[in-house]
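Grab a pencil and work through these exercises with the model open beside you. Each task comes with a solution in steps.

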Amino acid sequence: MHFPASVLAAPDYRGVSEPADKATVDRTQAVGMPVVIMETVMAQLTASRQLVERARFEGKALPAAIEKSLLTTTIATSVAQAIYAKVSSESKPSWAPLWTSAQAGATQALRMLLREIDAYELGENPLGITDNDLPLYRGLVDHSVAGQRFSAVSRYLIETFAQPSVDTAVASEAASKAAWVALLNQQLQKVVKDDQPDRIAEIKRQYGEKILNLCGDNPEIGDAAQVYDKWGELSPATCFINTADPSCTFDEEQLLDRLSMDDIQHHICVMGQLQLKLGDKARLASEDVNAIMQKASGKFLPRQDKDNSFPYEHFVPESFVEWGTDLYTFISTGEHPLSTMYELEDYPDARPEDAQAFFDARSLCDKLFPKGKALQDKFTPKEVDKPHCYRGAIGELALQARAAGKDVEIANSALQDYTDAYEKAINRCVMAEEALKMDAHAQKQFAGIVSKIKKQTSVVRDIAAIGGSILSTATSILTAGMIEGGASTSAKLQSGVSGGLVGGTWDLVTGTGITVFEEEILGLGDAKDAHSAFVSEFHAEIKKTLCFADAEMHLVGADTQLKRVERSKIDLTQAIVKMQNGRRKVARLMVEAVRRVKHAEGRERASLFNNIWNDLWEGKKEDHRGAVVAHGKNMRLAQRMLYLAVRAVEYEWQVTSTFRSQVLAATTPAQLKTTLEAIKTEIATGNIGGQSPEDRHAELSLKDQLLQLADRADWPEGYHTMTSTERFRMMLTSRRYAHFSATGEYLGQLIPFAIAPLGILGLGEAGTIPLLTGAECAEKLWSVNMTLHGEKLVDSDQGYASVQLLQKNTFYSQWCSTPSGDQQELQVSSVRPSRNLFKDPVLGGSYGSSNTDDSEYVRALVDAYFNVPRAELEKDYTLGSSNELASRGIYGEYAIFFPKEQLAVDGTKGLHLEKVDDILIRLDYVSAAKAW
């Protein structure tokens with residue numbers, strides 16, 4: 001620091017003045033000391049990130065060296081900047097471009113390290129496979145071998161994917177070691193110089209491949225080798241949107257037409273609140289727009305009196321009219337694009353408290369400006385729910401976020417329906433029993449039951465409200481990517497790479513955004529107990545217990561909705577976090593690729609440093625150049641395939657083991673092979689909970705056993721006196737169960753029901769059927785079949801009707817052993833069909849394909865023959881059956897869908913639902929006997 005600036009500016013401070021463009025292998029110091037310091041900082045931070053990543057894989061504490069590294073690199077950075085400031089005070093040094101590049105590289109390395117530390121603290125799975133990612137993939141099964149159905153998923157993943165992948169990694173390990181030795185024996189300085197063009201091309205291809213993995217194939221851009229040269233046509237904010245399709249974009253002027261002054265004031269209110277609570281975290285990229293938001297934040301001054309219902313004073317709504325006019329002028333005249341209303345300046349990964357600040361702001365501003373809406377609320381669901389508009393890994397996550405958010409809303413609505421239906425059904429039962437005279441105590445008990453259910457309904461309504469906010473925020477990023485208007489969508493939204501878009505909220509709604517009422521949504525618990533006590537007390541006086549069983553089935557439906565809300569809540573938050581991280585990763589890759597290419601193109605010295613070492617191993621020549629990196633890829637894919645196999649084993653065999661941690665901690669193929677053999681040994685006995693799983697079947701009446709419709713033929717005068725069959729027919733044909741498309745077109749009748757272990761839940765009449773009494777465990781579906789009973793069901797000689805049996809994507813089974821303290825009462829699982837788990841978020845993959853259907857159901861098409869006797873159905877009856885639901889937990893929500901093309905409606909010929917007496921459903925499944 002005490003040297004003169006002229007000395008510090010010299011490439012070699014020892015006095016050797018050799019021009020930088022003539023550097024040789026013997027004269028390597030062609031840049032100033034600040035560049036060397038910053039490159040060292042970059043290397044140190046990169047090494048620290050790899051240590052954190054290793055800690056994530058191994059499940060260990062962060063190395064103490066990380067804290068020291070952050071401290072020393074901070075000091076070193078300050079020293080380098082001080083030296084460069086002194087050097088440049090007299091004149092700009094010849095190596096200034098390299099200084100700029102080194103600074104950018106160090107900054108990027110620091111961000112990546114901090115992101116890795118965040119992922120560590122949040123407990124994110126290093127392979128990107130969450131507990132909700134159940135790999136229900138299966139191959140062909142030999143029906144003659146007992147137990148193969150039970151282990152169809154785990155055996156398929158082990159034999160078809162895990163074993164071959166581990167073998168490939170074992171084989172590539174030797175080649176990579178030989179390549180490493182061969183490269184170290186070469187004159188590496190000369191190799192770097194001679195191979196510069198190939199190295200630059202390979203850098204471009206590698207980054208292009210990673211970006212296309214996240215954003216999806218783009219015909220307008222081309223293959224991975226072409227992505228870099230068309231950088232200006234890509235934006236992390238829009239790359240996963242199929243903008244080539246006109247139906248996937250929106251004109252900005254049309255969006256402006258949808259905005260009212262109330263909407264704009266509402267937005268100013270939200271952003272002002274966020275800036276008040278979060279300060280610079282919520283600072284906007286546009287200075288003009290930011291100035292308005294900062295003024296708004298000053299209008300929210302907390303009262304000292306915390307009991308006051310309105311928590312702020314000095315709030316002047318008139319000011320918002322003036323600011324709203326200014327903001328609308330900005331965006332309507334084109335002075336600022338619409339997106340500048342929402343772009344944050346530079347927001348790091350969000351934390352839970354930031355999400356809460358957003359929810360609080362939305363809640364307050366909804367009260368202050370009840371007529372105003374955020375831009376995303378101006379869109380209808382059909383405008384953003386277009387699977388064909390989304391591409392790549394980020395597009396998959398976008399659809400998952402939308403689907404999970406909708407699932408929370410749907411579950412809340414269904415829960416309210418079940419609650420109302422239960423209350424009405426109980427009231428009807430009580431009023432119909434002339435022998436039952438409810439005293440004050442009984443009335444109090446019944447009121448307590450309804451109160452408990454309503455409390456839990458209210459809790460889920462709160463969850464749905466928060467889920468709705470997050471859903472609208474998920475919509476925000478999608479609609480932002482679809483805003484087209486003006487000269488260049490990509491250019492407009494490019495500045496939103498590191499900040500939030502639309503609503504200024506995207507980066508604020510992450511992590512544990514829905515952190516509410518966990519203890520309230522694990523089941524109906526108290527309400528069910530209260531109901532049981534109520535019924536038991538008056539059981540002697542109740543003649544028609546089936547009437548109460550009828551009512552109790554609504555509690556079964558409510559219980560499944562609560563399980564569904566909990567699972568959807570997790571899906572929603574995870575998808576949003578992952579989508580946000582995916583967009584940021586694209587942005588980081590773009591910045592890093594440019595820096596790497598410029599650094600490789602403009603090297604003014606022959607020394608080897610940092611990324612150059614990686615480039616050597618990644619060469620794509622015919623010799624040993626690519627062997628090291630190829631082995632790294634093989635090792636990661638082997639870990640992924642084996643990890644998926646472990647998840648399948650845990651699901652099917654209910655195994656609690658250290659297999660997961662062993663797979664993640666493995667650093668060699670030999671360790672993976674050892675774990676694989678241990679897994680095979682674990683399931684070799686074919687026993688679960690000490691019992692051998694067997695193929696089983698159950699035949700259930702939809703009317704009598706699943707819906708448990710009571711016969712009301714002898715009810716008192718003045719009530720609906722209908723038999724159970726008449727009630728069943730009315731249900732099948734009711735408009736309540738009519739199913740419509742998004743455009744309002746009638747599609748058919750959708751009849752919902754639930755299958756649950758009634759004996760364990762203490763609800764309904766379980767009878768003697770093991771599936772309903774709960775006498776089994778680890779129950780997994782294999783095939784389904786149906787028969788329709790009734791006279792003259794169709795207007796032709798056809799002997800069957802093609803109908804669909806649907807199951808929700810959240811389902812459950814019973815544990816074969818007593819669940820541990822951290823496990824739920826039942827083995828609840830869920831799948832996301834749109835997610836291709838074979839595709840690695842880092843390396844991509846060619847296995848399987850993504851399913852763009854984000855439906856809440858999976859469908860099985862069944863040819864339901866008419867009037868098959870129950871005795872025949874109970875035999876090995878397979879005519880018309882389907883195994884499209886195979887390997888899924890048997891308990892959960894179902895529905896039978898009768899497409900309108902099959903029905904006799906509006907004078908057409910077809911199936912007459914008003915003549916159906918009952919529907920018998922045959923379920924073929926696998927299970928083990930529960931140990932008592």
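**Exercise 1.** Work out whether Ser887 is buried or exposed, and describe its backbone.

*Solution.*
- Step 1: look at accessibility. Ser887 counts as buried because its relative accessibility is 4%, where buried means under 20% relative accessible area, exposed over 50% and partly exposed in between (1.4 Å probe, protein chains only).
- Step 2: place Ser887. It's in the loop between α28 (870-873) and β10 (891-899); helices (H or I, at least four residues) and strands (E, at least two) are DSSP runs, numbered from the N terminus.
- Step 3: check phi. Ser887 has a value near 80 degrees, which is positive in a residue other than glycine.

Before you go on, a word on what you're looking at. This is a predicted model, where local features need pLDDT of at least 70 and side-chain atom pairs count only at pLDDT 80 or more, while totals for chains, interfaces and linings use all residues. Residues are numbered from 1 along each chain as its sequence is written, and side-chain values use heavy atoms, with hydrogens and water left out.

**Exercise 2.** Do the same for Ala778: which element holds it, and is it buried or exposed?

*Solution.*
- Step 1: Ala778 sits in strand β6.
- Step 2: its relative accessible area is 0%, so Ala778 is buried.
- Step 3: Ala778 isn't a glycine, yet its phi is positive, at about 55 degrees.

**Exercise 3.** Find out how enclosed strand β11 (residues 918-929) is, and which strands pair with it.

*Solution.*
- Step 1: count the buried residues. They are 11 of the 12 in β11, so the strand is largely enclosed by the rest of the structure.
- Step 2: take strand β3 (residues 694-701). It pairs with β11 in the antiparallel sense over 8 bridges; two strands pair if DSSP finds at least two bridges between them. Glu694 has Ser927 of β11 as its bridge partner.
- Step 3: now strand β6 (residues 776-789). It also runs antiparallel to β11, over 11 bridges, and His789 is partnered by Asp918 of β11.

**Exercise 4.** Trace the neighbours of strand β5 (residues 746-755).

*Solution.*
- Step 1: 7 of the 10 residues in β5 are buried, so this strand is largely enclosed by the rest of the structure.
- Step 2: strand β4 (residues 738-740) runs antiparallel to β5, joined by 3 bridges, with Ala738 opposite Gln749 of β5.
- Step 3: look at the turn. β4 and β5 make a hairpin with 5 residues between them, and Gly744 in that turn has a positive phi of about 90 degrees.
- Step 4: β10 is joined to β5 by 8 bridges, again antiparallel. Here Ala754 faces Glu893 of β10.

**Exercise 5.** Test the length of helix α23 (residues 669-684), then find its buried side.

*Solution.*
- Step 1: the expected span is 1.5 Å times one less than the number of residues. For the 16 residues of α23 that should be 22 Å, and the end C-alpha atoms are 22 Å apart, so the two agree.
- Step 2: list the buried residues of α23, which are Pro669, Leu672, Thr675, Leu676, Ile679 and Ile683.
- Step 3: they're on the same side of α23 because they cover an arc of only 120 degrees around the axis; the arc is that of the directions from the helix axis to the C-beta atoms.
- Step 4: connect this with helix geometry. An α-helix has 3.6 residues a turn, so residues three or four places apart point the same way.
- Step 5: turn to the other side of α23, where Thr674, Thr681 and Ala684 are exposed. Just past the helix, Gly686 has a positive phi of about 75 degrees.

**Exercise 6.** Which residues have the most contacts inside the largest nonpolar core?

*Solution.*
- Step 1: a nonpolar core is a set of buried Ala, Val, Leu, Ile, Met, Phe, Trp, Tyr and Cys residues joined through side-chain atoms within 4.5 Å. The largest one has 55 residues, and Phe753, Leu771, Phe898, Leu911 and Ile919 have the most contacts inside it.
- Step 2: strand β9 (residues 857-866) gives the most to this core, with 5 residues.
- Step 3: zoom in on Ile919. Leaving aside neighbours within four places in sequence, its contacts (heavy atoms within 4.5 Å) include Leu700, Phe728, Met786 and Phe898.
- Step 4: apart from this core lies another, of 39 residues, among them Ile158, Met641, Val663 and Cys816.
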